[in-house]
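The exercises below are meant to be worked with the sequence and the predicted model side by side. Try each task before reading the solution that follows.

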Amino acid sequence: MKYVIIWVIVFAVALLIYKITLDIQGASQYKSIPFSDFIKQIDDIQEVVIKGERIEGKFKSGEYFRTSGIVEFDLIKTMSEKGVSVSVIPEEKSSFLRDIIIAWVPTLIIIFLFFSLIRGIERGNARAITFTRSKAKLFVPKKENKVTFDDVAGLDEVKEEVKDIIEYLSNPDKFKGFGIRPPKGVIFIGPPGSGKTLLARAIANEANVPFFYEVGSSFIELFVGVGSSRIRDLFDRARKQAPCIIFIDEIDAVGRTRGAGIGGGHDEREQTLNQLLVELDGIESRGEPIVVVAATNRPDILDPALLRPGRFDRKVYFPLPDLKGRIEILKVHLKRVKADPSIDVERIAKSIPGFSGADIENIINEAAIMAIRQKKEKIDQDLIMRARDKLIMGVERKGLYITDDQKKRIAYHEAGHTLVAKIIGTDQVEKVSIIPRGRALGVTMQIPEEDKYIMEKDYLLNKMVVLLGGRASEEIVFNSLSTGAADDIEKATEVAKKMTYEWGMSSLGPISFKVNEEYIFVGRELTRREQMSEETARKLDQEVINIISSCYNRAKSIILENIDKLHKLAQRLIEKETLVKEEIEEIIGVS
Ligand code: ADP
Ligand code: ZN
């Protein structure tokens with residue numbers, strides 16, 4: 001409703017301005033006279049401009065006048081006979097209403113379409129004009145195909161933490177009897193694909209209760225009030241099905257700190273958030289057996305009001321799976337498909353550090369698709385590894401035509417990465433290949449030996465030396481540069497910048513020069529430079545340059561010291577196109 005009021009005000013102001021301009025014009029220059037006076041005074045007139053029914057002119061006395069009426073041709077003739085200069089301007093039929101319509105209707109339509117379009121895109125559908133009903137998906141517990149606790153792998157501690165929710169939903173009265181405060185609002189925190197939705201569904205199934213699924217952004221609409229009525233509707237629906245679970249994915253879309261963010265959905269979001277708080281409080285005070293689970297990856301931007309006692313007062317963290325977790329997740333997903341029993345699950349798990357549960361599911365699906373295409377009976381180790389490579393590095397583009405000169409350059413570039421990595425002894429080189437994949441013309445694939453939760457400065461520097469090894473090799477061998485190193489350079493620079501700006505690893509000491517996010521909402525993002533002195537900015541730039549150039553020099557000297565090995569490696573690459581760990585070690589030796 002607020003928008004309507006705003007437009008009414010805008011209209012009124014426009015009207016006023018229009019009228020005032022008319023008045024000023026009239027008052028300053030033209031005197032309005034009746035049409036009859038105009039006819040009577042024709043002799044005194046010097047010139048006349050006729051625009052349809054509007055007539056403006058000047059008396060011989062120099063005075064301006066204005067009138068309106070229908071000027072017949074005879075009258076024009078009479079006037080010109082009397083020496084009056086008459087000009088007739090084709091009628092514009094310009095009326096006040098028409099002006100307004102011309103000025104405003106298209107603007108309104110454009111604004112409206114624009115917003116609807118944006119909303120439509122955001123929500124991924126074309127039905128941009130939406131209604132106040134919640135479209136939350138409802139899952140009722142089913143015997144077949146149901147997600148159970150056993151399907152959720154590698155999250156033992158998390159599962160332990162949510163057991164009481166199942167107990168509560170299966171038997172709400174028991175909790176009441178004991179006077180235990182039941183779990184009401186739970187927030188699942190973790191990166192995408194870490195199993196938050198999966199676990200929430202498993203809880204519902206284990207407790208044998210319905211499960212409502214909604215995404216936070218679906219409450220954010222152009223029109224103020226829509227989001228909050230959708231929230232109300234969702235909770236009304238849930239109340240009828242209680243006991244049940246309401247799962248709100250990406251809660252941060254609604255739950256952002258109030259007062260942050262620019263324009264548009266501002267009021268709307270605030271109102272939606274308030275409604276959510278009201279509903280949560282209602283469940284708490286009325287003791288309804290509904291558990292609301294919200295998921296997010298950004299708990300830091302949530303409005304503190306959401307996290308108060310009685311609301312989302314329990315936080316459950318979903319880490320990315322460690323080695324053991326990945327093994328278990330692999331097993332769960334391998335059970336769904338026909339898998340060769342000889343598959344070495346541990347070896348696969350080791351080669352995919354940092355992968356989420358969803359990524360692992362993807363690998364298995366991809367391998368299954370490959371198996372069908374190749375008419376294989378079962379998924380085997382090789383297919384899984386190829387599926388993994390495809391997900392990490394993109395699809396092989398065997399059809400791309402590459403000249404021998406280019407092939408040689410790519411081979412030396414990749415050999416540079418591999419050699420430096422082996423000599424420095426950072427993350428294992430699993431494979432090096434000059435078969436183009438995705439955007440890359442060649443790949444050196446490194447796998448960290450353990451999951452890296454924190455990175456030491458030396459580790460980062462070594463990584464950068466490896467990144468710059470490709471370019472260094474090209475420079476040494478061909479004595480010329482190419483664009484092939486663009487991605488490497490970008491990545492290395494990114495690390496160097498983070499080291500100086502964020503991680504306090506430069507000679508300036510442990511100071512953060514990160515962009516202050518608060519400034520981002522003033523409408524325009526302040527650049528780093530605007531937040532610091534000119535002198536500091538210059539020092540930081542110099543620091544980044546120093547880090548990069550010292551890494552580059554290290555890469556070059558490693559290559560120069562081992563130039564024989566580089567040539568061998570590149571030669572072998574040109575012959576075979578892909579070398580695996582063992583083949584690389586045969587040439588360079590074990591690091
Ligand atoms: P989130 O909600 O955290 O973004 P999801 O629960 O939607 O992630 O996970 C997507 C898919 O990834 C699941 O459907 C499941 O197949 C797989 N997955 C994620 N985590 C696990 C896990 N711990 N065990 C088994 N499968 C998982
Ligand atoms: Zn490279």
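**Exercise 1. Backbone geometry in loops**

In which loop does lysine 375 lie? Establish its place, then examine its backbone and its exposure, and treat asparagine 208 and proline 243 in the same manner.

*Solution.* Step one is to place the residue: lysine 375 belongs to the loop between helix 13 and helix 14 (381-393). Step two is to read the backbone torsion, and here phi of lysine 375 is near 55°, a positive value in a residue other than glycine. The sign deserves a remark, because most residues other than glycine have a negative phi. Step three is the accessible area: lysine 375 has a relative accessible area of 75%, and since exposed means over 50%, this residue counts as exposed.

Turning to asparagine 208, one finds it in the loop between helix 7 and strand 8 (211-215). Although asparagine 208 is not a glycine, its phi is positive, at about 60°, and its relative accessibility of 52% makes it exposed.

For proline 243, which sits in the loop between helix 8 and strand 9 (244-249), the torsion to inspect is omega. The peptide bond that joins alanine 242 and proline 243 is cis, with omega about -5°.

**Exercise 2. The surroundings of ligand 1**

Describe the shell of ligand 1, beginning with individual residues and ending with the domains that contribute to it.

*Solution.* Begin with the residues: there are 17 around ligand 1, of which Ala153, Gly193, Lys196, Thr197 and Leu198 come nearest. By class, this shell divides into 8 nonpolar, 6 polar and 3 charged residues.

Next, look for pairs of polar atoms. An oxygen atom of ligand 1 lies 2.8 Å from a backbone N or O atom of glycine 193, and a backbone N or O atom of glycine 195 is 3.1 Å from an oxygen atom of the ligand. With threonine 197 the side chain takes part, one of its N or O atoms being 2.5 Å from an oxygen atom of ligand 1. Of the 560 Å² of accessible area that ligand 1 has on its own, the protein covers 83%.

Then move from residues to elements: helix 7 (196-207), helix 11 (323-336) and helix 13 (357-373) are those that give two or more residues to the shell. Finally, consider the domains. Domain 1 (131-317) and domain 2 (323-392) both contribute residues to the shell, and therefore ligand 1 lies between them.

**Exercise 3. Salt bridges and their exposure**

Which parts of the chain does the salt bridge between glutamate 279 and arginine 239 link? Compare its setting with those of two further pairs.

*Solution.* The whole structure holds 29 salt bridges, and the side chains of glutamate 279 and arginine 239 form one of them, with an N to O distance of 2.6 Å. This pair links distant parts of the chain, since glutamate 279 is in helix 10 (residues 266-286) and arginine 239 in helix 8 (residues 226-241), 40 residues apart. To assign exposure, recall that buried means under 20% relative accessible area: glutamate 279, at 6%, is therefore buried, whereas arginine 239, at 24%, is partly exposed.

The second pair is glutamate 288 and arginine 286, whose closest N and O atoms are 3.0 Å apart. Glutamate 288 lies in the loop between helix 10 and strand 10 (290-296). Its relative accessibility of 12% places glutamate 288 among buried residues, while arginine 286, at 52%, counts as exposed.

The third pair joins lysine 498 and glutamate 494, with 3.8 Å from N to O. Both residues are in helix 17 (residues 486-501), where they are 4 residues apart, about one turn of the helix. Lysine 498, with a relative accessible area of 28%, is partly exposed, and glutamate 494, with 44%, is partly exposed as well.

The last step is to look for shared partners: salt bridges of this kind join Asp236, Arg239, Glu279, Arg286 and Glu288 into one network.

**Exercise 4. A helix residue and its spatial neighbourhood**

Is alanine 537 buried or exposed? Give its element, and its separation from phenylalanine 513.

*Solution.* Alanine 537 is part of helix 18 (residues 534-561). Its relative accessible area is 3%, so alanine 537 is buried. Between alanine 537 and phenylalanine 513 there are 9.4 Å from C-alpha to C-alpha, with a separation of 24 residues in sequence.

Key:
Residues numbered from 1 in each chain as written. Chains lettered and ligands numbered in written order. Predicted model: local features only at pLDDT ≥ 70, side-chain atom pairs only at ≥ 80, totals over all residues. Heavy atoms only, no water. Near = heavy atom within 4 Å. Polar contact = N/O pair within 3.5 Å; in protein donor to acceptor, adjacent residues only side chain to side chain. Areas by Shrake-Rupley, 256 points an atom, 1.4 Å probe, with all protein chains shown as cover. Nonpolar A, V, L, I, M, F, W, Y, C, P; charged D, E, K, R; others polar. Domains from an automatic or database assignment. Salt bridge = Lys/Arg side-chain N within 4 Å of Asp/Glu carboxyl O. Buried < 20%, exposed > 50% of the residue type's maximum accessible area, 1.4 Å probe, protein only.
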